[in-house]
Amino acid sequence: SVIPLHNYPTLAEFLPVPSVPRERAVCYAGALSPDRGLFQMIGAARAAKAPLYLAGRFETRALEEDICHMPGVAYLGVLGRKELACLYGRCAAGLAVLHPTPAYREALPIKLLEYLAAGLPAITSDFPAWRTLLAGTDCARFVDPLDETALTSSIRELTGNLSLSSALGERGRALIEERYCWEREREQLLRGYRELLQ
């Protein structure tokens, strides 16, 4: 018997913190490289006049040196899980604008699910598989990851309307609780064990 399990976020790790005021800022946490939309994020955030928080490891040292001195970009280094949850709690949107490579188009976007688990709406690549993942829930804005103008527009929308940002974030958290959390995967695993032992 095969029990498929997904590496979904743990709800307790990304509890939304309603008491923390949202900033008119956006964030991205993960590998920092051009094919993950690094330059589009920087350009769009600058055009939208929104601070951009980056966390994670740069692909190269030279890239880190180039990016860290750019105005409007705050590089936070590699963050622990609690620090990530705090970062997500204070921003208006999380960015996941990976380029349309075959590997990314069909990947399960754990970063996107972590944003939503934290009650943070996402601005994300308009890939069919990712649209299907979030079908029926208005918790994200989908953009062509190579279209910096469209990305700028979505950043402006969510940083300019923090009530909308919070509403989308609440819907995203509800979606994770209902479909995409480790707690549900764990129950499936335990159920499988119980069936095997019967």
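Colleague: In what order do the 6 strands of the open sheet stand?
Modeller: This is a predicted model, in which local features need pLDDT of at least 70, side-chain atom pairs count only at pLDDT 80 or more, and totals for chains, interfaces and linings use all residues. Residues are numbered from 1 along each chain as its sequence is written, and side-chain values use heavy atoms, with hydrogens and water left out. Strands (E, at least two residues) and helices (H or I, at least four) are DSSP runs numbered from the N terminus, and two strands pair if DSSP finds at least two bridges between them. The pairing in this sheet is parallel, and the order is β3-β2-β1-β4-β5-β6.

Colleague: Which strands stand at the edges?
Modeller: An edge strand here has a single partner strand, so one side of it is left without a neighbour in the sheet. The two strands in that position are β3 and β6 (140-143).

Colleague: By what angle are neighbouring strands of this sheet turned against each other on average?
Modeller: Axes are lines fitted to C-alpha atoms, for helices over the stretch in contact, and angles run from 0 to 180 degrees between N-to-C directions. With direction ignored, the average for neighbouring strands of this sheet is 25°.

Colleague: Which residue of β5 stands opposite Leu95?
Modeller: β4 pairs with β5 (residues 122-125) in the parallel sense over 3 bridges. β4 is also joined to β1 by 2 bridges, with Cys27 and Gly94 as bridge partners. Opposite Leu95, in β5, stands Ile123.

Colleague: Through which helix does the chain cross from β5 to β6?
Modeller: β5 and β6 are joined by 4 bridges in the parallel sense, and Ser125 has Val143 of β6 as its bridge partner. The β-α-β crossover between these strands is right-handed, meaning that, with the strands pointing away from the viewer, the path from the first strand over the helix to the second runs clockwise. The helix on this path, residues 128-133, is α6.

Colleague: How many of the 10 residues of helix α1 are buried?
Modeller: Buried means under 20% relative accessible area, exposed over 50%, and partly exposed in between, with a 1.4 Å probe and protein chains only. Among the buried residues of α1 (residues 38-47) are Leu38, Met41 and Ile42. Their cover includes β1 (26-29), β2 (52-55) and α7 (148-159). The helix is mostly covered, and its number of buried residues is 7.

Colleague: Which residues touch the most other members of the largest nonpolar core?
Modeller: A nonpolar core is a set of buried Ala, Val, Leu, Ile, Met, Phe, Trp, Tyr and Cys residues joined through side-chain atoms within 4.5 Å. Contact means heavy atoms within 4.5 Å; leaving aside neighbours within four places in sequence, Leu52 has contacts including Met41, Ile42 and Leu95. Of the 59 residues in this core, those touching the most other members are Leu38, Leu52, Tyr88, Leu95 and Ile155.

Colleague: How far is the sulfur of Cys68 from the closest cysteine sulfur?
Modeller: A disulfide is a pair of cysteine sulfur atoms within 2.5 Å, and the structure holds 0 of them. Cys68 counts as partly exposed, at 26% relative accessibility. The closest cysteine sulfur lies in Cys27, too far for a bond, at 16 Å.

Colleague: Which cysteine has the sulfur nearest to that of Cys181?
Modeller: Cys181 is in no disulfide, and the nearest cysteine sulfur is 14 Å away. Cys181 is buried, with a relative accessible area of 2%. The nearest sulfur belongs to Cys139.
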